[in-house]
Amino acid sequence: MEIIIQPDPEAAAKKAAHIFAQTIRSNPKAVLGLATGSTPLPLYRELVAAKLDWSAITTFNLDEYTGIGPGHPQSYHSFMREHLFQHVNIDPARIHIPDGLTLDTEASCRQYEEKIRNAGGIDLQLLGIGSDGHIGFNEPTSSLASRTRIKTLTERTRRDNARFFGSAQEVPLHVITMGIGTILDTRRVLLLASGEGKADAIAGAVEGPITAMNPASALQLHERAVFCLDEAAASKLQRIDYYKWVYNNKPTWQQ
Ligand code: GLP
């Protein structure tokens, strides 16, 4: 795991945006895995401002609420349109987000996995993290081998996301999410986290045991996982000085 610690959320997002921009520039046909939530907002702003060529880029989003359509203001379809897709020259046919209104969830999830495979797999996957360590919507105790499927949100996640809906009761109970196995299959993962509210989840993910109780800890098994953190999210890491030391003393060719 590579741990990058920056002074504030904007600087962490800038670093992450730099990695995404580099990927898009070096491979104009890259397949990107995208995430929602408040954390990636400054990253998407940076990417829009960078005026990159998205015409041959393919994207797969991590998750979507069920029971709400793409036009619902709190759907992840709307989120992505508003914060990224409407501002760049992406081909709509290359955008993939789970279908929250499907009448055949199992078939739809299977097809989502197939589409990822047919696109050649995901080159770079963006992740946020929930305060309980969830990635995508893989709540604690999700199978570490799980694939795209329906999940039931915990009360805690519904409370955390209530700010977008008005109240926890209005947050859909069920979601469709890529699995942890799906995420582990991606070629590179970039987890972006900021704020003190994420510090316990990050400490568990990076330094705790690999456990379904903290789904992000599964990333310890990923060959190329980068955690881009601000100081607050990194504040409970026991080896924080070591991570900074490693980052500041990289071989020149790796900088
Ligand atoms: C939701 C999303 C996750 C995201 C998490 C944290 O649960 N499904 O992908 O990481 O929220 O969101 P925020 O960045 O707003 O804290």
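This note goes through the sheet, two of the helices and the ligand site of a predicted model.

1. The sheet is a good place to begin, and it is an open one made of seven strands in the order β1-β10-β9-β6-β2-β3-β5, with parallel pairing. Because β1 (2-6) and β5 (95-96) stand at the edges and have a single partner strand each, one side of each is left without a neighbour in the sheet.

2. At the β1 edge, the partner is strand β10 (residues 225-230), and the two pair in the parallel sense over five bridges. To find this pairing in the model, one can look for Glu-2, which stands opposite Val-226 in β10.

3. Two helices can then be placed against these strands. Helix α4 (residues 105-118) lies across β3 (58-61) and β5, and runs at about 150 degrees to β3, while helix α8 (residues 199-207) lies across β1, β9 (189-193) and β10, running at about 150 degrees to β10.

4. Turning to the ligand, there are 14 residues around it, of which Ser-38, Thr-39, Asp-63, His-134 and Lys-198 come nearest. The residues of this shell divide into three nonpolar, eight polar and three charged.

5. Which side chains place an N or O atom 2.4 Å or 2.8 Å from an oxygen atom of the ligand? The side chain of Thr-39 does so at 2.4 Å, and that of Arg-163 at 2.8 Å, while a polar side-chain atom of His-134 lies 2.7 Å from a ligand oxygen atom. As for the ligand's surface, it exposes 390 Å² when taken alone, and the protein buries 94% of that.

Notes:
Residues are numbered from 1 along each chain as its sequence is written. This is a predicted model: local features need pLDDT of at least 70, side-chain atom pairs count only at pLDDT 80 or more; totals for chains, interfaces and linings use all residues. Side-chain values use heavy atoms; hydrogens and water are left out. A residue is near a molecule or strand if one of its heavy atoms lies within 4 Å of it. A polar contact is a pair of N or O atoms within 3.5 Å; within protein, one must be able to donate a hydrogen and the other to accept it, and residues adjacent in sequence count only if both atoms are side-chain atoms. Accessible areas come from the Shrake-Rupley method with a 1.4 Å probe; for residues, only the protein chains shown count as cover. Ala, Val, Leu, Ile, Met, Phe, Trp, Tyr, Cys and Pro count as nonpolar, Asp, Glu, Lys and Arg as charged, and the others, Gly among them, as polar. Two strands pair if DSSP finds at least two bridges between them. Helices (H or I, at least four residues) and strands (E, at least two) are DSSP runs, numbered from the N terminus. Contact means heavy atoms within 4.5 Å. Axes are lines fitted to C-alpha atoms, for helices over the stretch in contact, and angles run from 0 to 180 degrees between N-to-C directions.
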